[in-house]
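Here's a short set of exercises to work through with the structure open in your viewer. Try each task before you read the solution.

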Amino acid sequence: MNTKSNLQHIAIAGAGLLGRLIAWRLRLQGHDITLFEAGKLQPDNTLRAAAFTAAGMIAPLSEAVVSDANVYRMGQFALQRWPQWLSDLPQANLPQQNPQLFFAKGSLLVAHPQDESELQQFENELNFVVPECRNYQWLSGHEIQTLEPDLHSHFLRGLLLQEEGHLHNREFLQQLGDELVRLNVTIYENTPVEVDPHTIRALDRTEKFDLVIDCRGLGAKTQLTQLRGVRGETLHVETSEIRLQRPVRLMHPRYQLYVVPKPNNRFIIGATQIESEDRSPVTLQSSLELGSALYTLSPAFAEARIIETDTNLRPAFMDNLPKIFCSPGLIIANGLFRHGYLLAPAVTEQVLAQVAQNHTILFPNLLQPSG
Ligand SMILES: Cc1cc2nc3c(=O)[nH]c(=O)nc-3n(C[C@H](O)[C@H](O)[C@H](O)COP(=O)(O)OP(=O)(O)OC[C@H]3O[C@@H](n4cnc5c(N)ncnc54)[C@H](O)[C@@H]3O)c2cc1C
């Protein structure tokens, strides 16, 4: 419980996913928050947080297979936290046509008949990384059709990962931006900053705070030299020919594709993962690979309209795991890589515990030795 005496004047650098969440949760505790963002809160196409490019999947099982069991546990935490946090947003402000932002309908893994060994391989890897995990189910072709009738009928086996969800992330970020304004968070847009303990340095001024929290994602690279960007490309398509209830992943020996349903008959198809910090537009090869794999999920996608292509960089450390560095007057939280929506609740709660100095270590693997 915060008393007036332990409320602080806190600066947050970066209003992407982590910055917005941490600003929100600290403001709800009564802290005085100033948020500095290099771009805009509702960004255009030029400079935007990786959070706007993301597909918004919250996929602890799929991500555990490519990372570790800690990611799975933090992801389970996220599946509980997201609906609780979303219920704190004023319901009246949610879009009337699509008020729901979070879905806990699992995700579906399918493979073409000649690639079914990919599904078995996934199960083997999952059992290796998270032996205690039982929250998935093998499906027959008939069961796949019952769950997702618009998928191609040639899928004969699939895996339903019950313990996964997805979020309409752009809509959420927009709502949260509006909420920060409503809660009287002081916001400086178009203001790139550098951070030091207790200090924010912008081009035209230096300001002092009780505490600075650095959430600049890849923008922190000037000060966090071990950070790298990992390029990801997506396609956005629109069609009323297909409905999907949940994210679908196509397991393929060469292309791993997912398609995530979004409001207004839209779908995000993604994503490439390329070791490059090139932010230039989607390549022809990537768009052909994503597009043709999509078409094999259902021929009805052939008539979908490509309404957007997007490229961004995932902020990652060498081990692709998130980290929190704490020193007096400065907390740095970064490295969410491809797991931002999955891990942000755990990272946020651990940052809140550090701010409160209550010595609660919720996720010990996140905290890095200071110095
Ligand atoms: C193609 C793609 C698909 C993805 N899909 C998923 C997914 O389905 N599920 C999932 O969990 N994760 C996904 N991710 C990962 C997720 O987007 C990131 O992990 C997450 O956005 C990282 O959050 P962040 O707040 O650290 O950084 P960001 O969201 O990038 O935010 C950083 C913010 O800091 C601002 N900034 C930068 N420099 C400065 C500065 N000097 N001063 C002030 N502000 C600054 C930026 O403008 C930005 O607003 C995906 C990422 C990509 C690229």
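**Exercise 1.** Find how the side chains of Lys221 and Glu277 meet in this predicted model.

*Solution.* Start with the distance: N to O comes out at 3.0 Å. The cut-off for a salt bridge is 4 Å between a Lys or Arg side-chain nitrogen and a carboxyl oxygen of Asp or Glu, so the pair qualifies. Next, place the two residues: Lys221 falls in the 169-226 segment of domain 1, and Glu277 in the 228-314 segment of domain 2. Finally, look at the count for the whole boundary: 5 salt bridges link domain 1 and domain 2.

**Exercise 2.** Work out which elements and residue classes make up domain 1's side of the boundary.

*Solution.* Begin with polar contacts: 12 residue pairs across the interface of domain 1 and domain 2 pass the rule, with both partners at pLDDT 80 or more. On the domain 1 side, helix 2 (50-53) and helix 7 (169-182) are the elements that give two or more residues. Then sort that side by class, and you get 6 nonpolar, 4 polar and 5 charged residues.

**Exercise 3.** Describe the extent of the boundary, from domain centres down to single residues.

*Solution.* First, take the centres over C-alpha atoms: domain 1 and domain 2 sit 31 Å apart. Then count the contact: domain 1 puts in 15 residues and domain 2 puts in 17. Now for area: the two domains bury about 1400 Å² between them, with 44% of that on carbon and sulfur atoms. Last, pick out the top contributors in domain 1: Thr53, Leu218 and Phe337 lose the most area to domain 2, together 41% of what that side buries.

Conventions:
Residues are numbered from 1 along each chain as its sequence is written. This is a predicted model: local features need pLDDT of at least 70, side-chain atom pairs count only at pLDDT 80 or more; totals for chains, interfaces and linings use all residues. Side-chain values use heavy atoms; hydrogens and water are left out. Domain bounds come from an automatic or database domain assignment. Contact means heavy atoms within 4.5 Å. Buried area is the accessible area (1.4 Å probe) that two parts lose on being put together, summed over both. A polar contact is a pair of N or O atoms within 3.5 Å; within protein, one must be able to donate a hydrogen and the other to accept it, and residues adjacent in sequence count only if both atoms are side-chain atoms. Helices (H or I, at least four residues) and strands (E, at least two) are DSSP runs, numbered from the N terminus. Ala, Val, Leu, Ile, Met, Phe, Trp, Tyr, Cys and Pro count as nonpolar, Asp, Glu, Lys and Arg as charged, and the others, Gly among them, as polar.
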